[in-house]
Amino acid sequence: MNIRRIPTSKGIRSVLTYWYQDTRYRPVLGINLSANQEREAALHIITAIHQNTANRPVSEKDFSESPSFSVFVPTYLQYLRAKRRDSDQRNEKALNLHLLPHFGQKRLADLRLEDGLVYLEKRRAEHAAEGTIERECAVLMAVLNLAVECEALDKNRLRRLPVPEYVKRERVVAPWELQKLQQASSQDVWRTVILALQTGMREGKLIDLHEEWLVQQGDGWWVVPSPGRSSTKRVAKAIPLNDLARGALQCDVARIGGRFFGRWKDANSFKHRWVETIAPAGVQDVHFHDLRHTS
């Protein structure tokens, strides 16, 4: 039982939230009530709920026609686009790449806690990071909770799923590891390492780096990257370039379409090259993103 007090133009409205037999009741107790009056009104309503439920013929809402997970997902995506017009599409990627292949054919009403536990085991067996699994589970819960709100599902049976808690990664690359990376890197890969160390740019923005983003001002050269689409990953409006970073850009490598690293389509293409670089370098558990934490 929970009583919430909401200010209105007529006074303080007391609203009771009470769950009974998997049903939520939210009656208004009254306006400008004292604590004793709220308690008496709440007890009176709770008693009435119990009596009415006991006298009501036992009938359960038929969820035999509950939609499958894949059928309901478009409704969730439509809701998400209306709520977040600047979405970074990470939710859509989690759905398309992982959640839909696993849960897609299951009916919402048939999903059980065991299904979620199997999903956790599967993603960990695929060596997915705990933070990645946490984000995917958050999307899963958002879909199921919306289904409950839309009355396409009676309740979210995965709400007790032991979702892993994300721990912020703060790995710093040691000097000897940088030396090993330099020895194993191609010219282009080492240029990305230098720029990541000197500018702190994210992998995706760095690979997209375009000559039009370079601006010369009275105090030197600056990078003015295009704005990001994500509301969570902020992009600096302007980044100063020191001599080392400028030297990494002023090389004889041909630019493709004005991009300094046009040989890679995007960050995903570069990830494969990065994995191929760190393996012979003999360094363990080094992500490209770790370079942003290294000065």
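Let's start with R171 and E177, whose side chains are joined by a polar contact of 2.9 Å. Please keep in mind that this is a predicted model. R171 lies in the loop that runs between α5, residues 130-149, and α6, residues 175-184. The side chain of R171 has another polar atom pairing to show you: one of its polar atoms lies 2.8 Å from the backbone oxygen of Q284.

What else is R171 in contact with, once we leave aside its neighbours within four places in sequence? The list is E177, Q284, D285, V286, D290 and H293. If you have the structure open, click through those residues one by one.

One name on that list deserves a stop, and that is D285. D285 lies in the segment after α10, which spans 267-281. Its phi is positive, about 55 degrees, although D285 is not a glycine. Is D285 buried, partly exposed or exposed? With a relative accessibility of 48%, D285 counts as partly exposed.

There is another residue to put beside it, N32. Phi of N32 is near 55 degrees, again a positive value in a residue other than glycine. You will find N32 in the loop between β4, residues 28-31, and α1, residues 35-55. N32 has a relative accessible area of 49%, so it is partly exposed.

While we are at N32, have a look at P7 as well. P7 sits in strand β1, residues 2-8. Because its relative accessibility is 64%, P7 counts as exposed. In sequence P7 and N32 are 25 residues apart, and in space their C-alpha atoms are 9.5 Å apart.

Now let's go back to α5, this time for its packing against another helix. Which helix has an axis that comes within 10 Å of the axis of α5? That is α3, residues 90-103, and the two axes cross at roughly 80 degrees. An angle of 65 to 115 degrees counts as roughly perpendicular, so α3 is roughly perpendicular to α5. On the α3 side, the contact is made by R90, N91, A94, L95, H98, L99 and F103. On the α5 side, the residues are R135, E136, V139, L140 and V143. How do the residues of this contact divide by character? They split into 7 nonpolar, 2 polar and 3 charged.

Next, the sheet. Here 3 strands form an open sheet, in the order β5-β6-β7, with antiparallel pairing. β5, residues 214-217, and β7, residues 239-240, stand at the edges; each has a single partner strand, so one side of each is left without a neighbour in the sheet. As a reminder for anyone who has been away from sheets for a while, strands pair through backbone hydrogen bonds, either parallel or antiparallel.

Let's walk across it, starting from β5. β5 and β6 run antiparallel and are joined by 4 bridges. These two strands form a hairpin, with 2 residues between them. Close to that turn in the sequence, Q217 has G220 of β6 as its bridge partner. Further along, V215 stands opposite W222 in β6.

W222 then takes us over to the other edge. In β7, the bridge partner of W222 is P240. V223 also has a partner in β7, namely I239. How many bridges join β6, residues 220-223, to β7? There are 2, and these strands run antiparallel too.

Let me zoom out before I hand over. The protein chain has 10 helices and 7 strands. Of its 295 residues, 38% count as buried. And among contacts between residues at least 6 apart in sequence, 61% join residues at least 24 apart.

If you take one picture back to the bench, take R171: its loop lies between α5 and α6, its side chain meets that of E177 in a polar contact of 2.9 Å, and it is also in contact with residues including Q284 and D285. Thanks, everyone, and I'm happy to go back to any of these views.

Methods
Residues numbered from 1 in each chain as written. Predicted model: local features only at pLDDT ≥ 70, side-chain atom pairs only at ≥ 80, totals over all residues. Heavy atoms only, no water. Polar contact = N/O pair within 3.5 Å; in protein donor to acceptor, adjacent residues only side chain to side chain. Contact = heavy atoms within 4.5 Å. Axes fitted to C-alpha atoms, helices over the stretch in contact; angles between N-to-C directions. Parallel < 35°, antiparallel > 145°, perpendicular 65-115°, else oblique. Nonpolar A, V, L, I, M, F, W, Y, C, P; charged D, E, K, R; others polar. Pairing = 2+ DSSP bridges. Buried < 20%, exposed > 50% of the residue type's maximum accessible area, 1.4 Å probe, protein only.
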